[in-house]
Amino acid sequence: FFFRRTMTLLHTLRHKSPVSALALTQDGKEVITGTRDNVVYQWDLKTAKVLHTHREHIPPHQITAVACSHDNQQFASGGRDSFVVIYNRAGKKIGMLKKGHRTYVTSVAFDKSNNHIFSAGADGKILIWRKKKHKIHRCIESAHGGPVTCMASSVKYIVSGGDDAIVNVWIPKGKKVVDYSTRQAGSLYKEFRGHQAEITGVAITKDQKYIISSSLDRTVRIFLIINLSLVRKLQHDDAVTSMALSRDEKWVATGTSTGKAYVWNRDTGAQIACFDAHEGKVSKVAMTPKGWVVSAGGDGMVKVWQAELKPKPADPQPGEEQGEEQVQTVTINAEGKLVATPKPAAVYDPGAWPVAPRPKKKKKKEEEGAKSCLRTVVSEEKILLETMTLSVCLDSIFQLMWL
């Protein structure tokens with residue numbers, strides 16, 4: 001069995017309206033949030049205080065997406081006014097991307113070089129912008145049959161999810177795998193059709209091998225890019241509204257339509273934590289480099305959660321009653337009595353998320369040697385017991401003879 005973690009609430013960042021967008025800086029020191037009342041906030045994660053507020057989008061359009069650059073210097077926001085605004089960490093607006101989408105922006109992202117910005121919209125477009133010139137560099141028309149609901153980028157690929165329940169993997173056309181020197185539209189590389197409802201989140205691993213996607217069909221699916229084979233499915237009780245991958249890529253955080261949040265082990269699919277995060281749906285989730293879970297909800301709150309140091313044990317398995325000690329060995333002492341040695345409790349590192357210990361495979365020779373030693377010990381104990389029993393019987397016979 002494994003140990004589940006109980007989450008402790010560290011901070012609550014209160015907003016005046018529902019939170020619709022959430023992002024963390026790469027160093028994990030600041031939280032960027034966007035709300036339905038057209039405001040972008042910069043928060044200090046350690047003190048839970050507002051650093052800057054921004055009202056650069058046309059009111060009353062809500063903020064629909066935020067993203068942070070990989071160099072920790074800038075962040076961007078997208079809104080229902082169809083614009084993308086770029087800011088620096090000092091709280092100043094440094095650019096605005098206009099005349100790109102016909103309708104509202106659903107997702108924004110920075111590329112690894114921080115020279116381009118990606119934006120996806122409800123018009124089905126994925127745009128690649130030159131950040132310095134504030135002009136469109138490339139456009140992927142009709143990325144999905146309807147609105148593009150989420151997007152992620154890596155060195156090789158652009159991954160998009162739509163309300164058509166499809167996850168698409170794109171490669172821009174050109175001689176190189178990623179060629180920004182041409183203005184050709186992106187070419188569709190792979191198409192994953194494993195979900196049954198709208199895609200709410202996508203992520204791609206650093207090794208460019210796996211994609212994690214969440215959907216309103218109550219599942220999170222992990223699949224290989226090369227052959228689209230499903231590696232693992234994380235089943236939920238409710239519709240999954242948001243998903244995030246940890247920086248070390250070992251954990252997956254998810255939020256649902258009923259206000260619950262989860263943490264999963266990506267390699268094993270084990271559910272590590274389940275807790276009530278918000279009243280109403282969880283709109284966005286993220287994970288800090290320290291492993292804290294940050295969740296945003298329709299209740300106007302952003303909450304920062306930390307796992308308790310003492311893990312909570314999962315439900316006992318059949319045959320393992322709570323309060324009863326598990327016996328490891330039974331031996332015979334010098335007086336001929338049986339002595340039971342209790343099984344020691346498992347020790348887990350409190351500073352890391354728990355992982356179910358994997359049993360080590362033993363070689364056949366080691367197993368045969370262990371069995372041989374066990375037979376020898378048992379036979380010696382049996383001989384000792386028989387000798388002691390025979391000695392007691394002889395003493396009884398001699399006493400009767402003297403009488």
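The following conversation between a student and a tutor concerns a predicted model of a protein chain.

Student: What does the secondary structure of the protein chain come to?
Tutor: The protein chain has one helix and 32 strands.

Student: And how much of the protein chain is buried?
Tutor: Of its 403 residues, 46% are buried. The chain exposes about 21,800 Å², and carbon and sulfur atoms supply 53% of that area.

Student: Let us turn to the strands. In what order do strands 23, 24, 25 and 26 sit in their sheet?
Tutor: The order is 23-24-25-26, in an open sheet with antiparallel pairing. Strand 23 (240-245) and strand 26 (271-276) stand at the edges with a single partner strand each, so one side of each has no neighbour in the sheet. From one strand to the next, the twist averages 15°.

Student: What holds strands together in a sheet, in general?
Tutor: Strands of a sheet pair through backbone hydrogen bonds, in either a parallel or an antiparallel way.

Student: How many bridges join strand 25 to strand 26?
Tutor: Five bridges join strand 25 (residues 260-265) to strand 26. Y262 stands opposite C274 of strand 26.

Student: What about strands 7, 8, 9 and 10: is their pairing parallel or antiparallel?
Tutor: Their pairing is antiparallel, and the four strands form an open sheet in the order 7-8-9-10. Strand 7 (63-68) and strand 10 (93-97) are the edge strands, each pairing on one side only. Neighbouring strands of this sheet are turned by 20° against each other on average, direction ignored.

Student: Which residue is the bridge partner of I63 in strand 8?
Tutor: That partner is G79. Strand 7 and strand 8 (residues 74-79) run antiparallel and are joined by five bridges.

Student: Now for strand 21. Why is it described as largely enclosed?
Tutor: Five of the six residues of strand 21 (residues 219-224) are buried, so the rest of the structure largely encloses this strand.

Student: What lies between strand 20 and strand 21?
Tutor: The two strands form a hairpin with three residues between them, and R218 in the turn has a positive phi of about 75°. Five bridges join strand 20 (residues 210-215) to strand 21, and Y210 stands opposite L224.

Student: And how many residues lie between strand 21 and strand 22?
Tutor: That hairpin has five residues between its strands, with L228 in the turn at a positive phi of about 60°. Strand 21 and strand 22 (residues 230-235) pair in the antiparallel sense over five bridges. Here F223 stands opposite L230.

Student: Changing topic, which residues touch the most other members of the largest nonpolar core?
Tutor: Those are M7, V263, F275, A277, V293 and W305, in a core of 17 residues. Strand 24 (251-256), strand 25, strand 26, strand 27 (282-287) and strand 29 (301-307) each supply at least two residues of this core. There is also a second, separate core of 16 residues, which includes L13, W43, L45 and A48.

Student: Which residue has a side chain in polar contact with that of W43?
Tutor: The side chain of T33 joins that of W43 through a polar contact of 3.1 Å. T33 is found in strand 4 (residues 30-35).

Student: Is T33 buried or exposed?
Tutor: T33 counts as buried because its relative accessibility is 0%. Beyond its neighbours within four places in sequence, T33 is in contact with several residues, among them H15, V19, Y41 and V302.

Methods:
Residues numbered from 1 in each chain as written. Predicted model: local features only at pLDDT ≥ 70, side-chain atom pairs only at ≥ 80, totals over all residues. Heavy atoms only, no water. Pairing = 2+ DSSP bridges. Axes fitted to C-alpha atoms, helices over the stretch in contact; angles between N-to-C directions. Core = buried A, V, L, I, M, F, W, Y, C linked by side-chain atoms within 4.5 Å. Buried < 20%, exposed > 50% of the residue type's maximum accessible area, 1.4 Å probe, protein only. Areas by Shrake-Rupley, 256 points an atom, 1.4 Å probe, with all protein chains shown as cover. Polar contact = N/O pair within 3.5 Å; in protein donor to acceptor, adjacent residues only side chain to side chain. Contact = heavy atoms within 4.5 Å.
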